[in-house]
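Biologist: I'd like a close look at one spot in this model, and then at what lies around it. Could you take me through it slowly, with the cut-offs as you go?

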Amino acid sequence: MAMIILSLLLAAAFFPLSEAAAAEANPAASDRPAAAPFYAGKTVTLLVGFRRGAAYDLYARLAAKHLGRHIPGSPALVVENSVEAAPKTAERIYRAPPDGTTLAGLIPALYLAQLTGSGAAGFDLAGFTWIGSPTKSHYLLYMRGDAPYKTMKDIRDSSAAPVCGAGEETTTGYYLPRLFEETLGTKFKIVAGFKEGPDVDSAVERGELQCRALTIDGFFSHEPYPTWLRTGFVRILLQTGARRDPRLPGVATLHELMDEYKTPDSSRRLAKLVLASSEFGRPIVGPPGMAPDRAKILRAAYSSAMKDPALVAEAKKENLELNPGSGQELGALAKEVLAQPRDVVERMKKLLGK
């Protein structure tokens with residue numbers, strides 16, 4: 001009998017029971033429920049520092065509507081709008097609990113503020129947990145159709161500078177005209193301090209301003225821009241991509257004009273740094289210190305959501321261009337743009353009026 005028992009024990013050691021047989025042998029173990037995913041029953045809040053209906057908000061809501069079903073546990077996602085200066089949103093998400101239940105949509109040019117020292121106290125861009133971006137959007141400059149500037153050469157040759165509107169220094173409306181001054185020799189009068197982009201547009205409608213710089217995707221995503229372009233209320237003078245956007249085939253690129261005006265290499269390096277913001281797009285980030293497995297879940301879910309046929313169809317319907325970037329790419333880009341030579345940073349400080 002002892003020999004039979006010993007043989008059975010040896011067989012069990014070398015030939016484990018199947019899951020079904022194990023369950024039959026130990027019913028109590030099979031009754032234990034699998035651990036529920038972390039996100040089951042939870043709500044993920046997505047902070048957006050813009051009013052509802054702005055381009056950043058539209059992209060955030062597009063992600064929020066579809067992202068949850070790609071996260072194990074299918075959490076609810078809510079967008080929390082709070083119109084505020086961009087560094088404030090960055091500081092809020094930087095201090096948020098790193099458990100993966102609070103995310104934020106950031107403007108891409110915050111690295112400009114950090115490099116100049118104006119945002120370093122409240123956040124470190126390289127420290128964020130980068131989740132992904134729905135698009136990589138280049139920029140354009142629009143001008144009122146009744147303004148006497150039909151090309152960038154007209155601005156360069158004019159004794160009177162066109163009046164452009166902007167928000168804070170980290171907004172495209174401010175730093176892009178300054179970049180054009182540095183690279184093309186144009187001159188602009190910039191009226192800064194507007195709370196949001198639509199406030200600038202309203203001033204353009206009233207005739208108080210003549211121009212504004214913003215993203216190409218933002219321009220084509222919602223009114224009044226498509227109507228303005230169609231009716232001739234505005235014209236587009238410049239775009240910043242390496243190649244012309246298919247929607248703007250007749251508009252020169254900054255690179256084309258820099259070649260025409262023989263812009264020196266030092267100014268081209270400055271342009272490369274400033275325009276890196278277009279590679280960030282409209283990124284979504286989490287706080288620093290998020291557990292690697294939690295970050296991996298969110299990044300994978302975001303990437304999957306961006307390919308979801310329902311999201312793609314909705315983006316097409318709403319004229320929201322999709323050209324996603326991964327969290328890993330964005331994190332690497334953040335470290336790259338912050339590692340700039342002193343001379344380039346000093347020129348950028350001058351460009352931003354620091």
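Which residues does Asp308 touch, not counting residues up to four places away in sequence?

Modeller: Happy to. This is a predicted model, in which local features need pLDDT of at least 70 and side-chain atom pairs count only at pLDDT 80 or more, while totals for chains, interfaces and linings use all residues. Residues are numbered from 1 along each chain as its sequence is written, and side-chain values use heavy atoms, with hydrogens and water left out.

Leaving aside residues up to four places away in sequence, Asp308 touches Arg69 and His70 (contact means heavy atoms within 4.5 Å). With Arg69 there is also a polar contact, side chain to side chain, at 3.0 Å. Such a contact is a pair of N or O atoms within 3.5 Å; within protein, one must be able to donate a hydrogen and the other to accept it, and residues adjacent in sequence count only if both atoms are side-chain atoms. Asp308 counts as buried, because its relative accessibility is 10% (buried is under 20% relative accessible area, exposed is over 50%, and partly exposed is in between, using a 1.4 Å probe and protein chains only). In the chain, Asp308 belongs to the loop between helix H15 (292–306) and helix H16 (309–317). Those labels are DSSP runs numbered from the N terminus: helices are H or I of at least four residues, strands E of at least two.

On one side of that loop, H15 leads us to a sheet. H15 lies across E3, strand E4 (129–133) and E10, and runs at about 5° to E4. For such angles, axes are lines fitted to C-alpha atoms, for helices over the stretch in contact, and the values run from 0 to 180 degrees between N-to-C directions. The sheet itself is open, with six strands in the order E2-E1-E3-E10-E4-E11 and mixed pairing (two strands pair if DSSP finds at least two bridges between them). Its edge strands are E2 and strand E11 (325–326), each of which pairs on one side only.

Within this sheet, E1 (residues 43–48) runs parallel to E2 (residues 76–81) over six bridges. Val48 faces Asn81 of E2. Between these two strands the chain passes through helix H4 (residues 55–67), in a right-handed β-α-β crossover; right-handed means that, with the strands pointing away from the viewer, the path from the first strand over the helix to the second runs clockwise. E1 also runs parallel to strand E3 (residues 102–105), joined by four bridges, and here Val48 stands opposite Gly105. Helix H5 (residues 86–95) packs on the sheet, where it touches E1, E2, E3 and strand E10 (284–286), its direction making about 160° with that of E3.

On the other side of Asp308, the chain goes on into H16. Asn319 sits in the loop between H16 and E11. Its phi is positive, near 60°, in a residue other than glycine, and Asn319 is partly exposed at 47% relative accessible area.

For contrast, let me show you another part of the chain, around strand E5 (139–144). Six of the six residues of E5 are buried. Tyr139, Leu141 and Met143 point one way, while Leu140, Tyr142 and Arg144 point the other. In a regular strand, side chains alternate between the two faces of the sheet. E5 runs antiparallel to E8, with five bridges, and Tyr139 stands opposite Thr215 there. Another five bridges join E5 to strand E9 (residues 234–239), also antiparallel, with Arg144 opposite Val234.

E5 also helps to cover helix H9 (residues 197–205), whose buried residues are Gly197, Val200, Asp201, Ala203 and Val204. Those buried residues fall within an arc of 160° seen down the axis of H9, so they line one face of the helix (the arc is that of the directions from the helix axis to the C-beta atoms). Their cover also includes strand E6 (163–165), strand E8 (211–215) and helix H11 (225–231). After H9 comes Gly207, with a positive phi near 85°.

To come back to your spot: Asp308 is buried at 10% relative accessibility, and its side chain makes a polar contact with that of Arg69.
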